[in-house]
Structure formats: C-alpha cells, structure tokens
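Let's take a walk through this chain, starting with the overall picture and then going strand by strand and loop by loop. Keep the view open as you read.

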Amino acid sequence: MPILYEQFGPSVVRLSLNRPERNNAFSEKMLRLLIERLEALRVDPDCRVLLVSGEGDHFCSGLDLHEATQDESTAYRLTSQVVEVLLRLRQLPQIVIAAVHGAARGGG
C-alpha cells in the first residue's frame, strides 16, 4: 500500500508515504490514494491533527520520473494531482505537521 494510515487516539492521524524503494516518489496510485485520504480527513470531525511522514530514508523525492516521462498526458495528470494534494493540505481544517527527514525534492 503506497499510503499508510495510522490513527493515534481519537484526534491524531498519520499518513505515511510508503514507497521507500523509490524514495517515496509520487506515483499516480499514491497520489490518488492521498487525495482520497485527505478528502476523508477534511470532513472528519474527530481528527484535529494530521502528521504526514515518509517511510525509509527519505521523505519524498517528488514525482516518479519513470511514470511522468511516459507521455505528455501522464506528466500533466501527475503534476495536476500534486497540485491538488498541496491545495487539499492547505485547505484542511486540521493542524498539519510534516515529519520531513532525508530528501524532500520537487513536489515532495
């Protein structure tokens, strides 16, 4: 699963990027799941804090260039999804904490 979900008590949720073998690079599947999770958290009245982290040695290396360079439409779609994730994070009513470690490059 490219996104791990963990509940710490009633009010704290941790979402962890889980592609350590690719330095947590954003794949299309990962971005879709992240958008879904963020939407569910946005309307969760019990969640007050979101902790975002990455598994492995690095937080996130940005877009998965293997996927993004397949064709122009894929690159556009992935880039648009990264923008959507960032907008959703900013619009969340919860406090958002990023536990950044190692590399955080590109959209990461």
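A word on burial before anything else: a residue is called buried when its relative accessible area is under 20%, exposed when that value is over 50%, and partly exposed in between, using a 1.4 Å probe and protein chains only. By that yardstick, buried residues make up 36% of the 108 residues in the chain.

Some ground rules. What you're looking at is a predicted model, where local features need pLDDT of at least 70 and side-chain atom pairs count only at pLDDT 80 or more, while totals for chains, interfaces and linings use all residues. Residues are numbered from 1 along each chain as its sequence is written, and side-chain values use heavy atoms, with hydrogens and water left out.

Now the layout. The chain has 3 helices and 4 strands, and from the N terminus on they run β-β-α-β-α-α-β. The radius of gyration is 13 Å, close to the 13 Å that the globule rule gives for 108 residues, so the chain is as compact as a globular protein of that length. That radius is taken over C-alpha atoms, and the rule itself is 2.2 Å times the number of residues to the power 0.38. As for the elements, helices (H or I, at least four residues) and strands (E, at least two) are DSSP runs, numbered from the N terminus. Along its principal axes, the C-alpha trace spans about 40 × 25 × 20 Å.

How does the chain hang together? Take contacts to mean heavy atoms within 4.5 Å. Of the contacts with a separation of 6 or more, 73% are between residues 24 or more positions apart. On the outside, the chain exposes about 6300 Å², and carbon and sulfur atoms supply 54% of that area. The areas come from the Shrake-Rupley method with a 1.4 Å probe; for residues, only the protein chains shown count as cover. There are also 12 positive and 14 negative side chains, with the centres of the two sets 3 Å apart. Here Lys and Arg count as positive and Asp and Glu as negative, while His and the chain ends are not counted.

On to the strands, where two of them pair if DSSP finds at least two bridges between them. Strand S1 (residues 3-8) and S2 pair in the antiparallel sense over 6 bridges. Tyr 5 stands opposite Leu 15 in S2, and Phe 8 has Val 12 as its bridge partner there. S1 and S2 form a hairpin with 3 residues between them, and Gly 9 in the turn has a positive phi of about 70°.

Val 12 has a second partner to look for: this residue also stands opposite Val 49 in S3. Strand S2 (residues 12-17) pairs with S3 in the parallel sense, again over 6 bridges. Further along, Ser 16 has Ser 53 as its bridge partner in S3. Strand S3 (residues 49-54) is mostly covered, with 5 of its 6 residues buried.

Next, follow the chain out of S2. Asn 23 sits in the loop between S2 and helix H1 (28-42), and Asn 24 lies in that loop too. Most residues other than glycine have a negative phi. Asn 23, though, has a positive value near 55°, and Asn 24 has one near 60°. Are these two buried or exposed? Asn 23 counts as partly exposed, at 35% relative accessibility, whereas Asn 24 counts as buried, at 0%.

Finally, the helices later in the chain. Leu 65 is found in helix H2 (residues 65-68) and counts as exposed, with 59% relative accessibility. Leu 65 and Val 85 are 20 residues apart in sequence and 18 Å apart in space, C-alpha to C-alpha.

Helix H3 (residues 72-91) holds Thr 74, which is buried, with a relative accessible area of 6%. What does Thr 74 touch? Leaving aside residues up to four places away in sequence, the answer is Glu 67 and Ala 68. Ser 80 is in helix H3 as well, and that residue counts as partly exposed at 31% relative accessibility. Measure across to Ser 27 in your viewer: Ser 80 and Ser 27 are 53 residues apart in sequence and 12 Å apart in space, C-alpha to C-alpha.

Definitions and conventions. Charge placed at Lys NZ, Arg CZ, Asp CG, Glu CD.
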